[in-house]
Amino acid sequence: MPEVQAVLATEPLKDLTFNALQNSNRFGGLYHVPLKVSASSADAGKFLADAGSNIADTVTEEEITSARNNFVYKKPAERQEPRTVLPKAGERNVLITSALPYVNNVPHLGNIIGCVLSADIFARYSRSVGYNTLLICGTDEYGTATENKALAEGLTPREICDKYFELHNGIYRWFGIGFDYFGRTTTQEQTEIVQEAFHDVYNNGYILTESVEQLLCQKCDRFLADRFVEGTCPHPGCGYEDARGDQCDKCGKLVNATELIRPRCKVCNTAPVIRSSDQLFLDLPKVEPQLREWIERAEHGWTNNARVITRAWLREGLKPRCITRDLKWGIPVPHKGFENKVFYVWFDAPFGYVSMTKRYTKDFKQWWQPEKGVDVELYQFMAKDNVPFHSVVWPSALLAINKGNTMVSHIMATEYLNYEDGKFSKSRGIGVFGNDAQDTGIPADVWRFYLACARPEGQDSSFSWNDLAARNNSELLNNLGNFVNRALVFCEKNFNGTVPAMTLTNDEEVLLALINRELRGYISSLEKARLRDGIRHLLSISRHGNGYLQSQQPWVLLKGSEEQKARAATIIGICVNIACWLANLIFPYMPSTARTMFEQLNTKQILLNAEKPYVSILLQTGHKIGKPAPLFAKLEQQFIDEMKKKYSGPQVTTSSGSGLSVADLEKAVQEQGEKLRQLKSTTKDKAVLQPEIDKLLDLKKQLSEAKAAGENKQNGTSSVKDLEAAVQAQGEKVRQLKAQTKDKSVWQPEVNKLLDLKKQLAAAQSGTSTPAPTNPAPASDANQVKELEDKIAKQGEKVRTLKAAGDASVWKPEVEILLALKKQLFALTGAPDANAQGKNKKKK
């Protein structure tokens, strides 16, 4: 690195302190070497904020000076929360929405972090820096999904909406989601706003009428909406048999219901017929030129996946989109000849953001049709499958309305969160859903923290119980919690709970400079809604604090001279102030924990200065703190194993475990099959049947595995092929994790899994441990012997290559595989390996 080389040209390596050299090994670069980089320039600031660990522990002279000058007491501005939040001219006004969750299901962890929790974290940050911030969300209640659920549960659509609205509302409250208003789309305000929007679009010439071929179920005597039809996906190469009438869940492509192969009614399971029906369409091709021009200006504030998905839609060319449906549960279409139809949910639902704001305040138009001179930034949080409706369909409708509506400036779309490398499934009992999280006894703030850490920002990510435990125990308990508790307990016991006087030395100035850098990174990350990066910077501050406290050893200084005692006082005063900063920074992620920290510090939340993010004195000398107490508890491995088992689906084990035998499994399959046959005789509703079908398939799979395990046990063999595939897949996962992060607490559990799989593979490949006769191998085994000898030669070469690289954790499992292969050869031929004989002889 040129900067480091320039330093070494004037400051020889031999003149660096032992501490600098020690930490250069630890961080992969020089430590606390003052680089000649201007901290005042914008380029330098960006360079330092985005730099990696090889320069993250170097500071400039300007940074030290800035840290010293800013570490003074300035009475902080306290947060003022108005009764009703409205945008103001000349101020930053941030309107935040979360994709409206469907009311027909229970949200799982992926749903929660994909929209509502991400929106809440960003809204809390936005308020903490003083922006006029409004967070709006609610349940999406119209459409076929609701009708489906109502049929399945024997309720009316209204009853289903009431039931699941309360369920969603309760889950989000438990997670601490701080909506300014959480509403519903089944309100009079929604009906009025949607019907007015339709009239505006129609009067401006953007509505077409077309005759559409639809599927009619003659048995049910009604046209079938998209989600009431299932069949085989028509897209080449897919062929998924349970594709819906609007989209295939397997290939992800959009589907027209009439294009499905062998379509069937979801209610009665009979084949529908095609009939024509007049429908209204939004003329997307007509509005496309305006839309493209707007996207060119707006997309710079969108996540990359949002831009990619939107460009794909534009690249294919827009087509008129149907906005009406032959349903009963929806907003009536106020147009002659269409009175018995309702609006399609994707025309209706986005206007829910507006109608919910109207329920919040009668001055809702100040947010959605702001006056001249008032700028409103609209941030919309969602998973990637919702992007086209927020980047193409709804903006097209707003452009067609042409009333100066607020348009989205920031689409913050996530990828998907999986569950332990699989998919969440409520019917199969796989994964943690919103109501399950509360049942675990793990505090809501820990869930918030972990989900923010695992947020799938650039690619799909996975929830892992082991990872949750590692992050809780390592990052919260041992890092953040340990630092805050040590600092406050030390202050309480040695300074009577009073913040002592502080006299800065170079050590403190360097520490504050490093923390200022992390503070800038935190602000920069959250301004862009990069929530994972924000956590990384926050935890780096507590790591700096822990390292400072440990290296300075105030407990030793207190036993020394008056000068040393004064030095200890400075250390504790600094640490208590850092703890106060951490309480403010962690508030968006863990609001309950932050409030506990404020209580222990005997202070209140302050307004952060996003334009000048520098650490200052928050708690003056003489400030009396509250009563310290531990912030976090350890998650024990036994508890984690129990949770992993509980939420991994039906718990039926093979005869090799502690559960059911093969005979028991055969009986369970028979009983479940009989139960399913009885259900099928009473109903053809797939929503009722599918969970029982899934259970039967699971039982059959486990029975098959149990039988295979029994055969393998008899034959003395294991599934080597499966283990080899598992080792390869886990190895790839580890490589990807190591490429993404250097945080050992994240990838070490996966490395442990890989090592365990390699041991299992070695054991499987070794076969039976019973010695074979020492007779030469018969002719029939000659090919097998030759094959084993070739494998041993290749594995031996692999071991030698890996040993040369030096990482024992990598080559030792490969040695075990080599030894296992040699055992197999010995079992076949009776001739021990010549090389192995010599290695066991003692040297004389």
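## Where H18 meets H21

In this predicted model, Asp507, Glu508, Leu511, Ile515, Leu519 and Tyr522 of helix H18 meet a set of residues from helix H21: Arg567, Thr570, Ile571, Ile574, Ile578, Trp581 and Leu585. Sort the residues of this contact by type and you get 9 nonpolar, 1 polar and 3 charged.

How do the two helices line up? H18 spans residues 506-527 and H21 spans residues 562-586, and they pack at an angle of about 5° with their axes 12 Å apart. Angles under 35 degrees count as roughly parallel, so that label fits H18 and H21.

## The big nonpolar core

H21 turns up again here. The largest nonpolar core has 180 residues, and H21 supplies the largest share of them, with 15 residues. As general background, nonpolar side chains tend to be buried together in soluble globular proteins.

Which members touch the most other members of the core? They are Trp447, Phe463, Trp465 and Tyr589. Take tryptophan 465 as a case: beyond its neighbours within four places in sequence, tryptophan 465 is in contact with Trp447, another name from that short list, plus Tyr419, Glu420, Val432, Thr440 and Ile442. Further along the chain, the contacts of tryptophan 465 include Ile640, Met643, Lys644 and Tyr647.

## Serine 277 and its two partners

Serine 277 sits in strand S9, which covers residues 273-282. At a relative accessible area of 7%, under the 20% cut-off, serine 277 counts as buried.

What does the serine 277 side chain pair up with? One polar contact, at 3.1 Å, goes to the side chain of aspartate 326, and another, at 3.0 Å, goes to the side chain of lysine 341. If you skip the neighbours within four places in sequence, the contacts of serine 277 also take in Glu210, Ser211, Val212, Gln214 and Phe223.

## Threonine 357, fully tucked away from the probe

Threonine 357 belongs to helix H12, residues 352-360. Its relative accessible area is 0%, so threonine 357 is buried.

The side chain of threonine 357 makes a polar contact of 2.9 Å with the side chain of tryptophan 368. Leaving out neighbours within four places in sequence, threonine 357 also has Leu134, Ile136, Phe364 and Trp367 among its contacts.

## Aspartate 246 in a loop

Aspartate 246 lies in the loop running from strand S7 (243-244) to strand S8 (261-265). Buried or exposed? With 14% relative accessibility, aspartate 246 counts as buried.

Its side chain joins that of arginine 244 in a polar contact of 3.1 Å. Once residues up to four places away in sequence are set aside, aspartate 246 touches Asp226, Arg227, Leu254 and Val255. Then there's alanine 257: it is 11 residues from aspartate 246 in sequence, with a C-alpha to C-alpha distance of 6.2 Å.

## Helix H6

Which residues of helix H6 (residues 144-153) are buried? They are Thr144, Ala145, Thr146, Glu147, Asn148 and Ala150. These buried residues pack against helix H7 (157-174) and strand S5 (222-223). After H6 comes glycine 154, with a positive phi near 70°.

Definitions and conventions:
Residues numbered from 1 in each chain as written. Predicted model: local features only at pLDDT ≥ 70, side-chain atom pairs only at ≥ 80, totals over all residues. Heavy atoms only, no water. Helix = DSSP H or I, 4+ residues; strand = E, 2+ residues; numbered from the N terminus. Buried < 20%, exposed > 50% of the residue type's maximum accessible area, 1.4 Å probe, protein only. Polar contact = N/O pair within 3.5 Å; in protein donor to acceptor, adjacent residues only side chain to side chain. Contact = heavy atoms within 4.5 Å. Axes fitted to C-alpha atoms, helices over the stretch in contact; angles between N-to-C directions. Parallel < 35°, antiparallel > 145°, perpendicular 65-115°, else oblique. Nonpolar A, V, L, I, M, F, W, Y, C, P; charged D, E, K, R; others polar. Core = buried A, V, L, I, M, F, W, Y, C linked by side-chain atoms within 4.5 Å.
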